[in-house]
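Here's a quick tour of a model you can rotate while you read. We'll begin in the core and work outwards.

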Amino acid sequence: MAEQSESPTNSVMEKIIEKVHHHESSSSDSELDSDKPDPLESVKAKIWRLFGREKPVHHVLGGGKPADVFLWRNKKVSAGVLGFVTAMWVLFELIEYHLLTLVCHILILAAALLFLWSNACTLINKSPPRIPEVHLPEKLVLQVASALCVETNSAFAGLRSVAAGEDLKKFLMIIAGLWVLSIVGSSCHFLTLFYICFVLLHTVPVLYEKYEDKVDPLAEKAMVEIKKQYAVFDAKVLSKIPVASLKAKRV
């Protein structure tokens, strides 16, 4: 009788232990599956990206608030900045309003309004308006000056290396870029060129971020074709230019 009473309890305990082990094994398998990389993500990571980038567009643009403005993260701020720049372009380019005249008129209007407001407050026995003290932070000015100095020095170093004949490919790229820029500059004013670049910065990155999976394959094909054409040009033209002999003579 004792053996018969113990057998059901033992069977029940064995079933409970089996269920516990089965649950642990299933949970461990699910954890292992979650640790495995997603094949879609791995395929997306291996896709060729424009200019060989490995980071998102937001990080390429520097991150922070400027990148948020260019990528329209806050539509009101981006639209406000674009509208302000458009208004400035219309004033200076279409209406032909001069910058110095505009600054003087704004200062005259602001000084007159504040002067009248302050005198009106004294007549009606009210506290005068609090005019904030405006000053540029020294740290910010030094950071901007330092960044400009570094970029200018790197540009001069690149021009020096190109002028010394060390990199023929870079030399041709700079000559072609300056030639295209001179053609564009002869057809429009500097302010119009700046406005076009600003509008492109507000449209091209956000469109590329939206359709990058379609743009990158086309850009990859274009880059392969450009490399093929450059290889032919290098074999027929650039390889015949005696750059190495000039370097040897210089040494």
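The largest nonpolar core has five members: Leu82, Val85, Trp89, Tyr195 and Phe198. A nonpolar core here is a set of buried Ala, Val, Leu, Ile, Met, Phe, Trp, Tyr and Cys residues joined through side-chain atoms within 4.5 Å. Buried means under 20% relative accessible area, exposed means over 50%, and partly exposed is in between (1.4 Å probe, protein chains only). Helix 5 (75-94) and helix 9 (190-210) each put at least two residues into this core, and the largest share, three residues, comes from helix 5. Helices (H or I, at least four residues) and strands (E, at least two) are DSSP runs, numbered from the N terminus.

Before going on, some housekeeping: this is a predicted model, where local features need pLDDT of at least 70 and side-chain atom pairs count only at pLDDT 80 or more, while totals for chains, interfaces and linings use all residues. Residues are numbered from 1 along each chain as its sequence is written, and side-chain values use heavy atoms, with hydrogens and water left out.

**The whole chain**

The chain has 11 helices and zero strands. Of its 251 residues, 13% are buried. Taking contacts (heavy atoms within 4.5 Å) between residues at least 6 apart in sequence, 57% join residues at least 24 apart.

The UniProt record, an unreviewed entry, places the feature "transmembrane region" at residues 77-95, 102-120 and 171-201. UniProt positions are in the numbering used here, feature names are shortened, and annotations may be inferred rather than shown by experiment. In the model, residues 102-120 are 100% helix and 0% strand, with the end C-alpha atoms 27 Å apart. Residues 171-201 come out at 94% helix and 0% strand, and there the end C-alpha atoms are 27 Å apart.

**Helix 9 up close**

What span should helix 9 have at 1.5 Å a residue? Its 21 residues should cover 30 Å, and the end C-alpha atoms are indeed 30 Å apart, so the two agree. The expected span is 1.5 Å times one less than the number of residues. Helix 9 does bend, by about 25° at Leu200; the bend is the angle between axes fitted to the seven residues ending at a position and the seven starting there.

The buried residues of helix 9 are Thr192, Tyr195, Phe198, His202, Pro205 and Tyr208. What covers them includes helix 3 (57-60), helix 4 (64-70), helix 5 and helix 10 (212-236).

Two of these residues are worth clicking on. Leaving aside neighbours within four places in sequence, Tyr195 is in contact with Val85, Thr86 and Trp89. With the same neighbours left out, Thr192 is in contact with Trp89 and Glu93. Thr192 counts as buried because its relative accessibility is 13%.

Phe194 also sits in helix 9, but at 45% relative accessibility it counts as partly exposed. The C-alpha atoms of Phe194 and Trp89 are 9.3 Å apart, although their positions lie 105 residues apart along the chain.

**One salt bridge**

How many salt bridges does the structure hold? Just one, counting a side-chain nitrogen of Lys or Arg within 4 Å of a carboxyl oxygen of Asp or Glu. The partners are Arg73 and Glu209, whose closest N and O atoms are 3.0 Å apart. The pair ties together distant parts of the chain: Arg73 belongs to the loop between helix 4 and helix 5, Glu209 to helix 9, and they are 136 residues apart.

**Loops with positive phi**

Most residues other than glycine have a negative phi. Trp72 has a positive phi near 60° and is not a glycine; this residue lies in the loop between helix 4 and helix 5. Glu96, also not a glycine, has a positive phi of about 60° and is found in the loop between helix 5 and helix 6 (99-123).

Here is how the salt-bridge partners and the positive-phi residues are classed by accessibility.

| Residue | Relative accessibility | Class |
|---|---|---|
| Arg73 | 45% | partly exposed |
| Glu209 | 26% | partly exposed |
| Trp72 | 26% | partly exposed |
| Glu96 | 60% | exposed |
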